[in-house]
Amino acid sequence: MSEQFYFLTHTPEQAAKWDDIARTDPERVCETLDVGFETKTTNRWGDSAQDVYPCYEATGKLAREGTAEWHRLLDVGVAEKLCDGVLQARVYVPPLPGMSEERQREAMRQVRSGHFVALDAICHAVCSVSKTPNESERKFLRTLKQRWPEMMKHLWDSPQNALRPESSHAIERAVVAKIVARLTHADPSVMSMIDADFDMTLPLLTRYFIHATEERDTLYLLECITCLTTPIVDKDLIKHRKLHPLPKTWLSRMMGGSTPPRKIFDRCGVHLTQTMKKEEDARMIMDFIITLLQLVNDQGPEFANDLRQSASLWTNMFIFMRRAAERKIEPGDKAAGARAKRAAANVIGLTANWMHSCFFQSPDQLKVFVELCIRADFFNALDATVPRVVATEGVTQQLTRIIFCLDSLLSKDPSTSPLFKGQLPRPRTFHALLIHAYIDPRTRSLRTPSEFVRTGQVRRDAKGLPAVGSNFFDESCWQMWHALEKRVKSGGVCARRVCDERATARCSKCGQAQYCGQDCQKKDWKEHKIMCGVIIHDEVPNSGGLHRVTIPGINAPPVGG
C-alpha cells in the first residue's frame, strides 16, 4: 500500500487573510486568480503563486454561502476566472528538500489535478444558485454555459490525475457529476447543449464512471448519467426529455468514454457487487444496467457482442440475483421482500432477453453466450433464486424463454452437451417450478386435478400469445425444465449431477432415481430427497402436452387421473 501524502498548499494565516480579502476586495481576488500556480509574477498588490490556492478556497467558501459578498465577486467577473482556472491549472508538487525521486513520483500520483480547485469553487457556486436566480446568478449561469463545452473538452483531453485509482481522486470525478446535475437543474436548457454531438460531457462522465473506485464518485456519476438519460425526479428535465427525445447518437457517444466498449459493461458488474455496499445503491446500479442494455437494443446493436461477452457483467449480475433472493427480510416488511424478489427477477428477465436475441438475431453467438452464463455460475444462481421468486410475476415466462433457448441449442447442436455436464439435474429448481404450477395464486391453495389438467385449450390473445391469467407459463415451465433435464441426463445414467457413470441401483424409497453405487446415492440424498417419490407420468391424451404427476403427501393419485 502506497504511503499517504498530505499537501500543504497554504498556511492557516494565509487562509484567514484571503477569507477577509474575498469579502472586501473582489477585484483583487480576480487579479490574483490570474497569477497562476507556477509563475513568478505578482499582481499590483504583490500577490504571487503562493496566494492562488487560498484565494480559490476563499472564493469557494463565499460561493457556498451565496451571500452579497459572493454576488459582488460575480459582478466583477469571477466566473470567467474560475473557468480560466479549469483550463489553465496543472498538477504541480514543489520538490521538498530530501524527497527522493520515488517519493516525488508517489506524491505526483496522489496530488489532485490542478483544475480541481477551480471546479470545486464552481460546484459550490452552482449549488448556491437560488430557485429564482437574480441577475448576478443569471450572469454566472450564462458564463458557465458559454464556457462549458471548452471546459469539458479540456478535461477530456487533459485528465491529469482524475483517472487515477488513489482515493484522493474520487472527489475529482464526483465534483464534475455534481456540477452537471445542479447546472441542468438550474437551467434545463443546458440539456440541449449536452445532447449535441460536439459536447464531451457524456463521454467524460462515462469515462469517470469506468474509473470510479469508491461509492461517492460512483453514485454521483451514476445518478448524473441516469438523470441525463432517463430523468424520473426533476419535473423540468422530464419535460425536456419529452420535448427532446434522447438523441440517436447517445449510446455511441457514451461508448466514446469506454475504451474498449466492453469496459463499461465490465465496470457495471464490478460496481454492482463490489463497489456498492448498500442494497439500495446496488439496485440503482441494476436499474442503470437495465437502461444501458435497453440502449444497446435500441441504438447500438454493434455493441451487443461486447455486452454478451462481458464475463464481469454476467457473473456479478448472477451474484446480485442470488444475494437479492437470499436477503433476510424483517418479518412484516412486505415492501422490502417485494423489492428483493423483483430485483432477482429482473436478472432472470435480462438473461432471457439476451439469450433470445442470440437465438433469433445472432445464432452463432448463442453457444458462446450460454457457455459464458454457465461459467458465470448461472445454474447455481437459479437454484438459489427460483424457489424464492417463482411466484413473482413474469418469472416463469422468462424461465420458459431461457429453457427454450437451451433446449434448442442442444437439439440443433448435440456437440454442446458437454457444456451442461455437471449442471443438471436441479431438484430444487424443478421442485419449485412443479409445486408453483399446483398453487392457485388467488387462494394460495393446491389446485384440484381438474384445474391443472384441462382439455389442452389455452386462451390466446389476438397475436397468438397465451392470454393473461391462462397459467400457460406456470403449467409449461416445469415440463420444459423436465424435458431439458432428460435431454442432458439420459436414463440409465447415475442421477447425481456430477456423475455420468452407468446406473446399477435405484433409490430404495421411491424406486425412481438411479445411481452407480451407494457413494453417489449418499452424496446426492440432500438434493434427491426434495424430489424423492415424485413421479412424472406419461402425457395426458388430448391435453396439449400436459403430464400426470404424483407428489407424495400432496396428491396421492396421479393428477388428472
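Asp377 counts as partly exposed, at 35% relative accessibility; on this scale, buried means under 20% relative accessible area, exposed over 50%, and partly exposed in between, with a 1.4 Å probe and protein chains only. The model is a predicted one, in which local features need pLDDT of at least 70 and side-chain atom pairs count only at pLDDT 80 or more, while totals for chains, interfaces and linings use all residues. Residues are numbered from 1 along each chain as its sequence is written, and side-chain values use heavy atoms, with hydrogens and water left out.

Asp377 also has a positive phi of about 70°, although it is not a glycine. Its place is the loop between helix 20 (363–375) and helix 21 (378–389); helices (H or I, at least four residues) and strands (E, at least two) are DSSP runs, numbered from the N terminus. The positive phi thus falls just after helix 20. The 13 residues of helix 20 should span 18 Å at 1.5 Å a residue, and its end C-alpha atoms, 19 Å apart, agree with this; the expected span is 1.5 Å times one less than the number of residues. Buried residues of helix 20 are Gln365, Leu366, Phe369, Val370, Leu372, Cys373 and Ile374. Their cover includes helix 17 (304–308), helix 18 (311–326), helix 19 (334–361), helix 21 and helix 22.

Helix 19 is itself home to Ile348, a residue that counts as buried at 1% relative accessibility. Ile348 touches Met321, Leu382, Thr385, Val389, Val395, Gln398, Leu399 and Ile402, not counting residues up to four places away in sequence; contact here means heavy atoms within 4.5 Å. Between the C-alpha atoms of Ile348 and Val386, 38 residues apart along the chain, the separation is 9.4 Å.

Stepping back to the whole chain, the secondary structure comes to 26 helices and six strands. Of the 561 residues, 52% count as buried. Among contacts between residues at least 6 apart in sequence, 67% join residues at least 24 apart.

Helix 7 (residues 116–127) offers another view of the interior. Its 12 residues reach 16 Å from the first C-alpha to the last, close to the 16 Å expected at 1.5 Å a residue. Because 10 of these 12 residues are buried, helix 7 is largely enclosed by the rest of the structure. The buried set consists of Phe116, Val117, Ala118, Leu119, Ala121, Ile122, Cys123, His124, Ala125 and Val126. These residues pack against helix 3 (52–65), helix 4 (68–75), helix 5 (78–88), helix 8 (135–157) and helix 9 (170–186).

Val86, in helix 5, gives a residue-level picture of this packing. It counts as buried, with 0% relative accessibility. Leaving aside neighbours within four places in sequence, Val86 is in contact with His115, Ala118, Leu119, Ile122, Met151, His154 and Leu155. The C-alpha atoms of Val86 and Ala118 are separated by 5.6 Å, although the two residues are 32 apart along the chain.

Some backbone details in the loops are also worth a look. Between helix 8 and helix 9 lies Gln160, which has a positive phi of about 55° although it is not a glycine. The peptide bond from Thr259 to Pro260 is cis, with omega near -5°, and Pro260 sits in the loop between helix 14 (250–255) and helix 15 (262–275). A cis peptide bond also runs from Leu424 to Pro425, with omega near 5°; Pro425 is in the loop between helix 22 (395–412) and helix 23.

Attention turns next to the largest pocket, which holds about 840 Å³ of space. A pocket is an open set of points on a 1 Å grid over the protein atoms alone, where a 1.4 Å probe fits, with protein on both sides within 12 Å along at least five of seven lines; lining residues have an atom within 4 Å of a point. Of the 30 lining residues, His482, Glu485, Lys486, Gln512 and Ala513 are the closest to the pocket centre. At least two lining residues come from each of helix 23 (427–438), helix 25 (472–488), strand 4 (514–515), helix 26 (518–531) and strand 5 (535–539).

The unreviewed UniProt entry annotates residues 496–532 as "domain: MYND-type"; such annotations may be inferred rather than shown by experiment. Over residues 496–532 the chain is 38% helix and 11% strand, with the end C-alpha atoms 13 Å apart.

Notes:
Grid points are joined across faces, edges and corners, and a volume is the space filled by probe spheres set on the points.
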